[in-house]
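Work through the exercises below with the coordinates open. Try each task before reading its solution.

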Amino acid sequence: MIAVINISQLVTLSGPQRPRTGPAMRDLSIIENGVLIVRDEKVSEAGNWDKLAGRIPENAQVVDAGGRIVMPGFVDAHTHPVFGGNRADEFEMRAAGKTYQQIAASGGGINSTVERTRRADEGELMLAGRRYAGWFIRNGTTTIEAKSGYGLTLEDELRLLSVIRRLNDDTDLDYVPTFLGAHAIPLEFEGRTEDYVDLVIHKMIPKVAEERMAEFCDVFCEEGAFTVGQSRRILQAARKAGMKLRVHADQLTKGGGAELAAELRAVTADHLEHTDIEGMSLLRMAGVQPVLLPASVLMLGSKQFPDARSMIDAGLAVVIASDFNPGSSPVPSMPLVLSLASTQMRMTPAESITAATINAAYSINRGDQIGSLEPGKTADFVIHDCSDYRELAYFTGIEHARAVYKSGRQVFQR
Ligand code: NIG
Ligand code: FE
């Protein structure tokens with residue numbers, strides 16, 4: 001049993017058992033001078049010192065937070081964390097003036113990571129995956145949604161999903177697996193996209209479902225990737241096979257992805273840099289959560305950030321995530337994502353924290369377990385080295401997390 005005391009702000013995010021929208025996104029349910037009591041891997045009590053001081057069990061291990069804040073671990077609801085090699089070479093080419101799409105069209109981009117990933121054996125992928133898991137944790141993230149998508153053959157996609165499963169077992173980070181076989185058209189299918197779509201639908205989805213390798217299925221719906229029609233067929237097949245749906249939508253162009261996500265009542269529509277007000281209202285009516293990824297906009301050198309303000313005004317339960325991947329977002333840091341949300345998308349620090357914890361937890365079907373610090377929830381929490389939660393988004397380019405706890409066990413200390 002653990003009792004964390006001397007907490008300047010215990011940011012609980014307690015509240016109704018549903019994703020937060022509108023003004024509720026600004027309500028973090030903060031307890032000043034807080035105490036957090038953890039028993040059997042779960043939050044047992046979260047309250048004020050004056051109320052709880054006399055109730056700290058004798059046998060509790062007391063952790064003094066030193067007047068710092070305590071928050072739920074970040075839930076990063078969109079990552080691509082298993083890949084071979086990296087793309088520092090393309091990063092350099094973009095610095096010299098090439099665009100992401102130009103590089104992709106000339107054989108680079110996602111397909112160059114596919115080539116490097118196919119060549120890597122499981123040991124190499126695990127080694128790299130463990131390294132990235134460490135980066136997430138030291139930045140205060142305790143759960144990630146993790147996509148396949150750099151294999152693009154039946155065998156390689158299964159291999160990536162099994163690496164994700166092993167990373168979940170072997171590291172202190174929790175992984176929620178998503179099958180993204182429709183991430184790009186692999187080079188050997190050039191000019192035969194429909195054949196690849198058939199392979200995804202008739203070979204990959206049944207096998208992934210049969211072996212229970214993924215909870216979600218995602219599609220990159222974009223010019224140069226999969227059309228709305230192809231994406232629809234893939235997602236419908238995945239739903240039939242028992243997976244829940246996510247969509248990469250309107251990232252580089254406005255291509256109907258948001259409308260498709262609404263039509264299919266996907267759980268999330270991700271990116272949405274080019275989504276208009278009509279698209280937002282369709283998402284709202286269909287109960288789809290937007291997952292906004294400002295670090296990918298930053299790292300692509302674009303200025304086109306998604307219109308988070310209009311989405312919050314439209315009543316959408318906004319999520320923000322890192323999009324960690326070797327191409328558009330080599331960024332595992334949720335504090336940086338919070339800073340971008342405030343400076344580039346005019347989300348207040350409180351809205352950003354809601355979007356990165358409780359709303360994110362709901363978007364990966366874990367809203368009843370993580371994302372807030374309430375009795376009965378898993379004790380995934382972080383002591384950040386600041387006394388006011390706004391400093392997390394304000395001081396930028398540093399690692400704020402001082403200690404990270406997963407299921408009540410310390411997994412990182414600075
Ligand atoms: O979310 N847009 C598609 N997928 C990734 C990029 C992946 C890559 O470039 O390797 C994204 O930005
Ligand atoms: Fe992505």
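The exercises cover two bound ligands in a predicted model.

**Exercise 1.** Find which residues coordinate the iron ion (ligand 2), and with which atoms.

*Solution.* Start from the metal and collect N, O and S atoms within 2.8 Å. Three histidines appear: H78, H80 and H248, each through NE2. D323 adds an OD donor. The distances run from 2.1 to 2.4 Å. Next, write the donor spacing along the sequence: H-x1-H-x167-H-x74-D. Now place H248 and D323. H248 belongs to strand β9 (residues 244–249), while D323 is in the loop between β12 (319–320) and α13 (334–344), so this pair ties together parts 75 residues apart in sequence.

**Exercise 2.** Describe the shell of ligand 1 and its closest residues.

*Solution.* Count the surrounding residues: 15. The closest are R87, Y100, Y150, Q251 and S328. Sort the shell by class: 4 nonpolar, 9 polar and 2 charged residues. Then locate the site: ligand 1 sits in the largest cavity.

**Exercise 3.** Identify side chains in polar contact with ligand 1, and state how much of the ligand is covered.

*Solution.* Take the ligand nitrogen first. A polar side-chain atom of Q251 is 2.6 Å from a nitrogen atom of ligand 1. Turn to oxygen. The side chain of D323 places an N or O atom 2.9 Å from a ligand oxygen. For H80, the corresponding distance to an oxygen of ligand 1 is 3.4 Å. Finally, check cover: ligand 1 alone has 330 Å² of accessible area, and the protein covers 100% of it.

How values were computed. Residues are numbered from 1 along each chain as its sequence is written. Chains are lettered from A and ligands numbered from 1 in the order in which they are written. This is a predicted model: local features need pLDDT of at least 70, side-chain atom pairs count only at pLDDT 80 or more; totals for chains, interfaces and linings use all residues. Side-chain values use heavy atoms; hydrogens and water are left out. A residue is near a molecule or strand if one of its heavy atoms lies within 4 Å of it. A polar contact is a pair of N or O atoms within 3.5 Å; within protein, one must be able to donate a hydrogen and the other to accept it, and residues adjacent in sequence count only if both atoms are side-chain atoms. Accessible areas come from the Shrake-Rupley method with a 1.4 Å probe; for residues, only the protein chains shown count as cover. On a 1 Å grid over the protein atoms alone, a cavity is a set of points where a 1.4 Å probe fits but cannot get out, and a pocket is an open set with protein on both sides within 12 Å along at least five of seven lines; lining residues have an atom within 4 Å of a point. A molecule sits in a cavity or pocket if more than half of its atoms lie within 2 Å of its grid points. Ala, Val, Leu, Ile, Met, Phe, Trp, Tyr, Cys and Pro count as nonpolar, Asp, Glu, Lys and Arg as charged, and the others, Gly among them, as polar. Donors are N, O and S atoms within 2.8 Å of the metal (3.2 Å for Na, K and Ca); water is not among the atoms, so sites may look incomplete. Helices (H or I, at least four residues) and strands (E, at least two) are DSSP runs, numbered from the N terminus.
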